[in-house]
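Reader: I would like to go through this structure by question and answer, with each answer ending on the value or name asked for. Please begin with the terms.

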Amino acid sequence: MLVLGAADMMARDVLIVAALIVALLLVRVLILVRSRGSVLCCLRPMPGERGWRVGVARYAEGRLKWIPLIGLLPRPRHVIVRRGLVVSGRRKVGSGEFFGFLEGVTALECRSGAFSFELAMGYRALTGFVAWLESAPPGAHLDVV
């Protein structure tokens, strides 16, 4: 008969809790990525703060809600209002910026109020973003380059 000591039982409990946390994070990622109206999108605050953060963008009622892919909270980290959003530049992302795992990605330099940032997305997500910008109601005063 195998008798487990207190240290072995605690180690087993820690492993079970860690496995549950990983499983919950994986379920969260799957729900975010597969949710209707969500697109994979990377965000980088400017100027030069930290690296790119992978997340999901959702369009809702004149707002783009950016939710980090890895995290505990299901709420958006950034809410970008379409009215007054300025896109000032566009560039192809270099292969070294994403460690080479994303190709054909375009980065847009944006500003919404005092918040300056870059959004990076693939061709299909970019097409949707531009359509979302252009579908603003009259008088939204968009400045898209």
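Author: A nonpolar core is a set of buried Ala, Val, Leu, Ile, Met, Phe, Trp, Tyr and Cys residues joined through side-chain atoms within 4.5 Å. Buried means under 20% relative accessible area. The model discussed here is predicted.

Reader: Which residues of the largest nonpolar core touch the most other members?

Author: In soluble globular proteins, nonpolar side chains tend to be buried together. Here the largest nonpolar core holds 18 residues. Those that touch the most other members are Leu64, Leu85, Cys110, Phe117, Leu119, Met121 and Phe129.

Reader: Which element gives the largest share of this core?

Author: At least two residues each come from strand 1, strand 3 (63-68), strand 6 (106-112), strand 7 (115-121) and helix 2 (123-134). The largest share is 5 residues, and its source is helix 2.

Reader: How many residues are in the other core that lies apart from it?

Author: Cys42, Trp52, Val93 and Ala120 are among the members of this other core. Cys42 fits the requirement of burial, with a relative accessible area of 4%. The size of the core is 6 residues.

Reader: In what order do the elements of the protein chain run?

Author: The protein chain has 2 helices and 8 strands. Helix 1 covers residues 6-34, and helix 2 covers 123-134. Read from the N terminus on, the order is α-β-β-β-β-β-β-β-α-β.

Reader: Which element has the lowest mean pLDDT?

Author: Over the protein chain the average pLDDT is 80, and 85% of the residues score at least 70. Among the elements, strand 6 has the highest mean, at 91. The lowest mean, 50, belongs to strand 8 (residues 143-144).

Reader: What percentage of the residues in the protein chain is buried?

Author: The accessible surface of the protein chain comes to about 9,600 Å², and carbon and sulfur atoms account for 64% of that surface. The chain has 145 residues. Of these residues, the buried portion is 34%.

Reader: Among contacts between residues at least 6 apart in sequence, what percentage joins residues at least 24 apart?

Author: Contact here means heavy atoms within 4.5 Å. With the separation in sequence set to at least 6, the contacts that join residues at least 24 apart make up 46%.

Reader: Why is the ring pair of Tyr59 and Trp132 called tilted?

Author: A search of the whole structure finds 3 aromatic pairs. In the pair of Tyr59 and Trp132, the ring centres are 5.1 Å apart and the planes stand at 40°. Planes under 30 degrees apart count as stacked and those over 60 as edge-to-face, so the rest are tilted. The angle that makes this pair tilted is therefore 40°.

Reader: How many residues apart in sequence are the parts that this pair ties together?

Author: Tyr59 is in strand 2 (residues 53-60), while Trp132 is in helix 2. Tyr59 counts as partly exposed at 26% relative accessibility, whereas Trp132 counts as buried at 9%. Because the two rings belong to these two elements, the pair ties together parts whose separation in sequence is 73 residues.

Reader: Which residues do ring pairs link into a cluster?

Author: Phe129 and Trp132 also form a tilted pair, with ring centres 5.8 Å apart and planes at 40°. They are 3 residues apart in helix 2, which means a separation of about one helical turn. Both Phe129 and Trp132 are buried. The cluster linked by ring pairs is Tyr59, Phe129 and Trp132.

Reader: How many disulfides are there?

Author: A disulfide needs two cysteine sulfur atoms within 2.5 Å. For Cys42, the nearest cysteine sulfur is that of Cys41, 6.6 Å away. For Cys110, which counts as buried at 4% relative accessibility, the nearest is again that of Cys41, 8.8 Å away. The count of disulfides is 0.

Reader: With which residues is Gly37 in contact, leaving aside its neighbours within four places in sequence?

Author: Gly37 lies in the loop between helix 1 and strand 1 (38-45), and at 49% relative accessibility Gly37 counts as partly exposed. Its C-alpha atom is separated by 8.3 Å from that of Ala57, 20 residues apart along the chain. The contacts of Gly37 are Ala57, Arg58 and Tyr59.

Terms used. Residues are numbered from 1 along each chain as its sequence is written. Side-chain values use heavy atoms; hydrogens and water are left out. Helices (H or I, at least four residues) and strands (E, at least two) are DSSP runs, numbered from the N terminus. Buried means under 20% relative accessible area, exposed over 50%, partly exposed in between (1.4 Å probe, protein chains only). Accessible areas come from the Shrake-Rupley method with a 1.4 Å probe; for residues, only the protein chains shown count as cover. Rings of Phe, Tyr and Trp (its six-membered ring) pair if their centres lie within 6.5 Å; planes under 30 degrees apart count as stacked, over 60 as edge-to-face and the rest as tilted. pLDDT is the predictor's confidence in each residue, from 0 to 100.
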